[in-house]
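Subject: The structure, and what turned up in it

Hello,

Here is the structure I promised to pass on, with my notes underneath. Have it open while you read, and tell me if anything is unclear.

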Amino acid sequence: MKINKYNNIFLDRDGIINDVIFRDGEVSSPRSIDEFKFRDDFLHFAEKINKKNNVFLITNQPDIKRNLLKLDDLKVMHEKLMDILDFNEMFVCMHDDDDNCQCRKPKPGMILEAISKYNLKHKECIMIGDSSKDIKAANAASIDAFLLDTNYNKDVNFSYKIKSLVSLI
Ligand SMILES: [Mg+2]
């Protein structure tokens with residue numbers, strides 16, 4: 001298993017755990033519970049990694065700041081997610097670009113916070129995402145990354161692409 005090398009798995013949410021939502025041709029994220037649908041390969045992946053690895057959610061959710069998603073709905077989504085996979089902690093950035101926070105990817109703030117808080121070794125950490133922001137955040141935090149190859153991120157130039165989360169288990 002490729003993933004065995006990494007004790008600590010950092011997962012992006014939209015496009016990795018659940019399906020992205022297309023709005024006017026743009027990649028977007030769920031804004032209601034109904035739109036929050038788990039991906040099949042994530043469910044399979046979650047079954048396999050459940051007990052052995054530390055798992056952290058590392059997600060930007062700017063729709064909270066933009067008043068496009070209710071905090072209560074986000075909480076329900078993440079409760080559903082915890083039922084599937086027992087995350088050690090969920091790191092959620094609810095800011096937008098103009099907040100200039102340190103957590104919003106491509107900044108590495110959430111990853112670095114997890115590494116520091118849980119005293120993790122960088123070389124035992126892997127970030128899995130579907131966006132150049134995930135890769136940049138991983139690079140800035142000096143950890144490895146995999147990019148899930150999708151039909152909407154073909155323009156991202158990165159060596160470590162995977163076709164499915166299942167290929168890691
Ligand atoms: Mg994503």
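I135 sits in helix 4. One thing to keep in mind from here on is that this is a predicted model. Is I135 buried or exposed? Its relative accessibility is 6%, and the limit for a buried residue is under 20%, so I135 counts as buried. Between I135 and T59 there are 13 Å in space, C-alpha to C-alpha, and the two are 76 residues apart in sequence.

Next, the metal site. Which residues coordinate the magnesium ion? They are D12 (OD), D14 (O) and D130 (OD), at 2.1 to 2.2 Å. Written as a sequence pattern, the spacing of these donor residues is D-x1-D-x115-D. D12 and D130 thus link distant parts of the chain, 118 residues apart. D12 belongs to the loop between strand 1 (8-11) and strand 2 (21-23), while D130 belongs to the loop between strand 6 (125-129) and helix 4 (132-140). Both D12 and D130 are buried.

D14 comes up again in the largest pocket, which holds about 630 Å³ of space. The pocket is lined by 23 residues, and the closest to its centre are D14, V27, S28, S131 and K133. Strand 3 (26-28), strand 4 (54-60) and helix 4 are the elements that each give two or more residues to this lining. By class, the lining is made up of 11 charged, eight polar and four nonpolar residues.

Now the sheet. It is open and has six strands in the order 5-4-1-6-7-8, with parallel pairing. Which strands stand at the edges? They are strand 5 (89-93) and strand 8 (161-162); each has a single partner strand, so one side of each is left without a neighbour in the sheet. As a reminder, strands of a sheet pair through backbone hydrogen bonds, either parallel or antiparallel.

Two of the pairings are worth following on screen. Strand 1 and strand 4 run parallel and are joined by four bridges, and L11 has L57 in strand 4 as its bridge partner. Strand 4 and strand 5 also run parallel, joined by five bridges. There, I58 stands opposite F91 in strand 5.

Strand 5 shows a clear pattern in its side chains. In a regular strand the side chains alternate between the two faces of the sheet. Along strand 5, E89, F91 and C93 point to one face and are buried, whereas M90 and V92 point to the other and are not.

F91 also leads to the aromatic residues, since F10, F56, F91 and Y118 form one aromatic cluster. The structure holds eight aromatic pairs. One of them is F10 with F56, a stacked pair with 5.3 Å centre to centre and 25° between the planes. F10 lies in strand 1 and F56 in strand 4, so this pair ties together parts that are 46 residues apart in sequence. F10 counts as buried at 0% relative accessibility, and F56 likewise counts as buried at 0%.

F22 and Y152 form another aromatic pair, this one edge-to-face, with 5.9 Å centre to centre and 70° between the planes. The pair links distant parts of the chain, 130 residues apart: F22 is in strand 2, and Y152 is in the loop between strand 7 (144-148) and strand 8. F22 is partly exposed, with a relative accessible area of 46%, and Y152 counts as partly exposed at 25%.

Last, a few backbone details in the loops. The peptide bond from K105 to P106 is cis, with omega near 20°. P106 is in the loop between strand 5 and helix 3 (109-117), and N100 has its place in the loop between strand 5 and helix 3 too. N100 has a positive phi, near 50°, in a residue other than glycine. At 59% relative accessibility, N100 counts as exposed. S142 has a positive phi as well, about 60°, although it is not a glycine. S142 lies in the loop between helix 4 and strand 7 and is exposed, with a relative accessible area of 54%.

Happy to go through any of this with you.

Best wishes

Conventions
Residues are numbered from 1 along each chain as its sequence is written. This is a predicted model: local features need pLDDT of at least 70, side-chain atom pairs count only at pLDDT 80 or more; totals for chains, interfaces and linings use all residues. Side-chain values use heavy atoms; hydrogens and water are left out. Donors are N, O and S atoms within 2.8 Å of the metal (3.2 Å for Na, K and Ca); water is not among the atoms, so sites may look incomplete. Buried means under 20% relative accessible area, exposed over 50%, partly exposed in between (1.4 Å probe, protein chains only). On a 1 Å grid over the protein atoms alone, a cavity is a set of points where a 1.4 Å probe fits but cannot get out, and a pocket is an open set with protein on both sides within 12 Å along at least five of seven lines; lining residues have an atom within 4 Å of a point. Grid points are joined across faces, edges and corners, and a volume is the space filled by probe spheres set on the points. Ala, Val, Leu, Ile, Met, Phe, Trp, Tyr, Cys and Pro count as nonpolar, Asp, Glu, Lys and Arg as charged, and the others, Gly among them, as polar. Two strands pair if DSSP finds at least two bridges between them. Rings of Phe, Tyr and Trp (its six-membered ring) pair if their centres lie within 6.5 Å; planes under 30 degrees apart count as stacked, over 60 as edge-to-face and the rest as tilted.
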